[in-house]
Amino acid sequence: MTAIALIDGNNFYVSCERVFQPHFEGKPMVVLSNNDGCVVARSAEVKAMGVPMGIPWFKLKPLARQNRIIAKSSNYTLYGDMSHRMHSVIAQFAPEQEIYSIDESFLNLTGMPGDLITYGQSIQQRVKQWVGIPVCVGIGSSKTLAKLANHCAKKTIVPIMPGGVTDLTQLSNAELDETLSRIAVGEVWGIGRRLSAQLIDMGITTAAHLKNASINRIQKHFSVVVGRTVAELNGEMCLELEDVAPPKQQIMSSRSFGQPVYRLEDLIEAVTSYTARASEKLRRQQHVASAIQVYLRTSPFKTDAPFYSNGVVVRLMQPTNSVFALAQAATQGLKQIYKPGLPYTKAGIMLLDLQPSNRVPLDLFSALGAPTDLRSQALLKTLDTMNERFGRGTLRSAGEGFAKPWAMRSTHKSRAYTTDWAALAVVQRG
DNA sequence: TCTGGGGTCCTAGGACCC
DNA sequence: TCTGGGGTCCTAGGACCC
């Protein structure tokens with residue numbers, strides 16, 4: 001029988017912060033999104049206070065002050081590195097792993113001898129000891145059931161399986177139905193707010209109802225995707241583990257500004273910076289882009305000013321991975337959609353129509369930044385090597401600017417403990 | 001004063017072709 | 001004067017995920 005495990009970090013970002021600041025253990029704590037915008041991770045103590053996910057920080061502030069909630073700005077350098085460590089430890093437990101997100105891994109435990117609960121506990125212990133992050137383990141006979149098992153593990157929904165490891169494959173069909181009948185349909189992976197509401201209207205309110213619904217009816221009423229979810233709930237593997245991450249089909253980079261931006265020159269700087277980040281990712285996956293989309297907007301939350309949002313796709317003469325060619329195209333697009341006098345709060349770019357660089361035909365004129373242009377490829381290679389070695393932004397084009405009036409807010413950020421020599425934790429001797 | 005960022009997949013509908 | 005049926009490709013928008 002198939003056995004898929006989903007391992008995920010508890011309150012991952014909060015746990016990362018606590019590894020290096022252990023005095024935060026047991027204290028109510030949140031991590032904020034970029035720009036200190038809203039809450040993206042909550043400690044158990046904060047969840048217990050009823051603080052919802054995604055609440056804007058300025059709305060939570062009074063309660064935070066009152067209850068001494070600690071807030072940290074997000075520190076993706078730290079979380080990314082901790083994530084890498086966690087996934088590597090988890091990989092030791094099975095030959096087949098899919099890294100699903102920054103804090104989640106699927107493992108294929110099919111055919112593993114012995115009790116899977118015990119096995120799950122050993123995963124928990126090793127990750128905790130070697131990386132410092134607490135995790136829960138859910139096991140089921142499909143990815144969707146593994147996700148649900150993980151939910152059960154976190155909330156101890158199956159009482160005979162306490163301690164953060166739940167194996168649904170050990171339950172009989174009747175026991176599984178009984179367990180799923182205590183889980184709201186909206187908790188099922190792939191059932192979001194909209195679908196949940198529609199399903200409830202049809203009388204399908206629990207995960208058990210959905211499992212026992214007619215696939216045909218569901219598929220006809222919704223889509224093949226939801227139909228697959230029903231099959232997966234019945235233990236049929238419709239979604240395979242993807243051990244090698246497929247290359248991205250589009251690469252995005254966007255940010256909210258720390259304060260409203262009015263000037264075109266500042267927007268061009270910001271967009272040039274985003275293009276630098278995105279094109280770096282593009283080169284890492286050895287692809288080129290044939291088009292770039294630029295967009296900007298004012299705040300959708302202000303009621304006293306009209307909302308403006310616009311975007312444009314700029315096609316390139318020739319597919320490229322060069323930050324220079326891409327930034328030039330982005331600037332050109334930006335000029336088309338920019339309206340003077342508006343308080344812009346966000347801008348971004350998206351690289352589109354990606355393809356492997358070795359599949360691009362030779363260009364007769366070898367325009368600036370073409371992947372076949374050896375000199376420009378050497379320049380980009382140097383750029384990437386230097387930035388990897390000495391830190392992001394060591395080498396960059398002047399177009400990214402220096403004053404950066406658009407830079408995002410990040411007022412409670414912890415240090416890059418694991419990736420910067422100067423930020424290593426210091427152990428005091430008593 | 002202050003509301004994140006980065007993705008995927010599917011479907012419907014229009015343009016266009018024979 | 002009558003005005004079919006089948007197919008592909010593209011885009012926009014909606015839904016979902018973390």
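**Close-up views of a protein with DNA strand B and of its domains**

**View 1. Strand E9 gives the most to the surface near DNA strand B, with six residues.** In this predicted model, a residue is called near a strand if one of its heavy atoms lies within 4 Å of it, and the element names follow DSSP runs numbered from the N terminus, with helices (H or I) of at least four residues and strands (E) of at least two. Strand E9 covers 251-261, and both E9 and helix H11 (224-233) supply at least two residues each of this surface. Residues are numbered from 1 along each chain as its sequence is written, while chains are lettered from A and ligands numbered from 1 in the order in which they are written. Local features need pLDDT of at least 70 and side-chain atom pairs count only at pLDDT 80 or more, whereas totals for chains, interfaces and linings use all residues, and side-chain values use heavy atoms, with hydrogens and water left out.

**View 2. The surroundings of DNA strand B are made up of 24 residues.** The closest of them are Met252, Ser254, Arg255, Ser256 and Lys302. Of the atoms of DNA strand B that come within 4 Å of the protein, 70% belong to sugar and phosphate. By class, the surface near the strand has eight nonpolar, nine polar and seven charged residues, where Ala, Val, Leu, Ile, Met, Phe, Trp, Tyr, Cys and Pro count as nonpolar, Asp, Glu, Lys and Arg as charged, and the others, Gly among them, as polar.

**View 3. Backbone atoms of Gln249, Met252 and Ser256 lie by phosphate oxygens of DNA strand B.** For Gln249, a backbone N or O atom is 3.1 Å from a phosphate oxygen, and for Met252 a polar backbone atom is 2.5 Å from one. In Ser256, the distance from a backbone N or O atom to a phosphate oxygen of the strand is 2.4 Å.

**View 4. Domain 1 (4-9 + 79-233) and domain 2 (14-77) are two of the domains into which chain A is divided, beside domain 3 (251-400).** These bounds come from an automatic or database domain assignment. Eight residues of domain 1 are in contact with 11 residues of domain 2, contact meaning heavy atoms within 4.5 Å. The two domains bury about 740 Å² between them, 67% of it on carbon and sulfur atoms; buried area is the accessible area (1.4 Å probe) that two parts lose on being put together, summed over both. Tyr79, Met82 and Ile133 supply 72% of the area that domain 1 buries against domain 2, more than any other three residues.

Definitions and conventions. A polar contact is a pair of N or O atoms within 3.5 Å; within protein, one must be able to donate a hydrogen and the other to accept it, and residues adjacent in sequence count only if both atoms are side-chain atoms.
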